[in-house]
Amino acid sequence: MADIEIKWSPELMAGDDLLSPPDLSGAHELVSAVAISLFTHRTALDDDPLPGGPGSSRRGWWADHEAAELYPGAPPIGSRLWLLSREKQTEETRLRAEDYIREALAWMLDERLATEIELDVAWFAPERLGAAVTIYRGPQKSIAVRFEQLWDRIES
């Protein structure tokens, strides 16, 4: 059973905790894990171009910095999708988004929660980037998660 389940709202681009009395619901643990992995801001790498320009925040989850000291080699949580917030609608941007999603979900393969992760990242409307994530779990039924808006608008 999961500690928490997130109900994702594409319209609001936000998630909310889903409760099932008397405990938190555990029906869709991997869907929640995907949402957390994609929509938590991972710290930018030293050589990443920052949307706000040099000297702007590299973001990241505060606990990642402490975890790196306590658990050397532990992967950071989240994705670097936020770095694309001011990018143009190009094939290069789409490919970077795909790379960032793969990077954010790699822990599922490392921890053997998934045997394969299939991605379909595409521009589905002007300034609308979406992603379909299919998680294969060996002989178990696969899980498909669709995010029709990775962000509302890409600033040019």
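Biologist: In this predicted model, are Glu98 and Arg94 buried or exposed?

Modeller: A residue counts as buried when its relative accessible area is under 20%, and as exposed when that area is over 50%. Glu98 falls in the first of these classes, and Arg94 does too. The state of both residues is therefore buried.

Biologist: What links the side chains of Glu98 and Arg94, and at what distance from N to O?

Modeller: Both residues belong to helix H3, where they lie 4 residues apart, about one turn of the helix. Side chains of opposite charge can pair when their charged atoms come close. Here Glu98 and Arg94 meet in a salt bridge, with an N to O distance of 3.0 Å.

Biologist: Which residues are joined into one network by salt bridges that share partners?

Modeller: A search of the whole structure gives 8 salt bridges. Where such bridges have partners in common, they connect into one network made of Arg42, Asp48, Arg80 and Glu103.

Biologist: How many residues apart in sequence are the parts that Arg80 and Glu103 tie together?

Modeller: The side chains of Arg80 and Glu103 form a salt bridge of 2.9 Å, N to O. Arg80 sits in the loop between helix H2 (62–70) and H3, whereas Glu103 sits in helix H3. The pair therefore ties together parts whose separation in sequence is 23 residues.

Biologist: Is Arg80 buried or exposed?

Modeller: Its partner Glu103 has a relative accessible area of 26%, so Glu103 is partly exposed. Arg80 has a relative accessibility of 9%, and therefore counts as buried.

Biologist: In the salt bridge between Glu87 and Arg96, how far apart are the closest N and O atoms?

Modeller: Glu87 is partly exposed because its relative accessible area is 27%. Arg96, at 17% relative accessibility, counts as buried. The closest N and O atoms of this pair are separated by 3.6 Å.

Biologist: Which element supplies the largest share of the lining of the largest pocket?

Modeller: The largest pocket has a volume of about 240 Å³. It is lined by 14 residues, and those closest to its centre are Ala33, Ile36, Ser37, Ile77 and Trp107. At least two lining residues come from each of H1 and helix H3 (91–110). The largest share, 5 residues, is supplied by H1.

Biologist: How many residues of the lining of the largest pocket are nonpolar?

Modeller: Sorted by class, the lining includes 3 polar and 2 charged residues. The number of nonpolar residues is 9.

Biologist: What accessible area do Ile36, Trp61, Trp62 and Ile77 have together?

Modeller: Ile36 lies in helix H1 (residues 29–39), and its relative accessibility of 31% makes it partly exposed. With Trp61, Trp62 and Ile77, Ile36 forms a nonpolar patch on the surface. Together these residues have an accessible area of about 380 Å².

Biologist: What is the phi of Arg112?

Modeller: Most residues other than glycine have a negative phi. Arg112, in the loop between H3 and strand E5 (116–125), is exposed, with a relative accessible area of 76%. Although Arg112 is not a glycine, its phi is positive, at about 60°.

Biologist: Which residue in the loop between E5 and strand E6 (128–137) has a positive phi near 60°?

Modeller: The residue in question is partly exposed, with a relative accessible area of 28%. It is not a glycine, and its name is Glu127.

Methods: Residues are numbered from 1 along each chain as its sequence is written. This is a predicted model: local features need pLDDT of at least 70, side-chain atom pairs count only at pLDDT 80 or more; totals for chains, interfaces and linings use all residues. Side-chain values use heavy atoms; hydrogens and water are left out. Patches are made of residues with over 30% relative accessible area and no salt bridge: like charges are joined within 9 Å, nonpolar side chains (Val, Leu, Ile, Met, Phe, Trp, Tyr) within 5 Å. Accessible areas come from the Shrake-Rupley method with a 1.4 Å probe; for residues, only the protein chains shown count as cover. A salt bridge is a side-chain nitrogen of Lys or Arg within 4 Å of a carboxyl oxygen of Asp or Glu. Buried means under 20% relative accessible area, exposed over 50%, partly exposed in between (1.4 Å probe, protein chains only). On a 1 Å grid over the protein atoms alone, a cavity is a set of points where a 1.4 Å probe fits but cannot get out, and a pocket is an open set with protein on both sides within 12 Å along at least five of seven lines; lining residues have an atom within 4 Å of a point. Grid points are joined across faces, edges and corners, and a volume is the space filled by probe spheres set on the points. Ala, Val, Leu, Ile, Met, Phe, Trp, Tyr, Cys and Pro count as nonpolar, Asp, Glu, Lys and Arg as charged, and the others, Gly among them, as polar.
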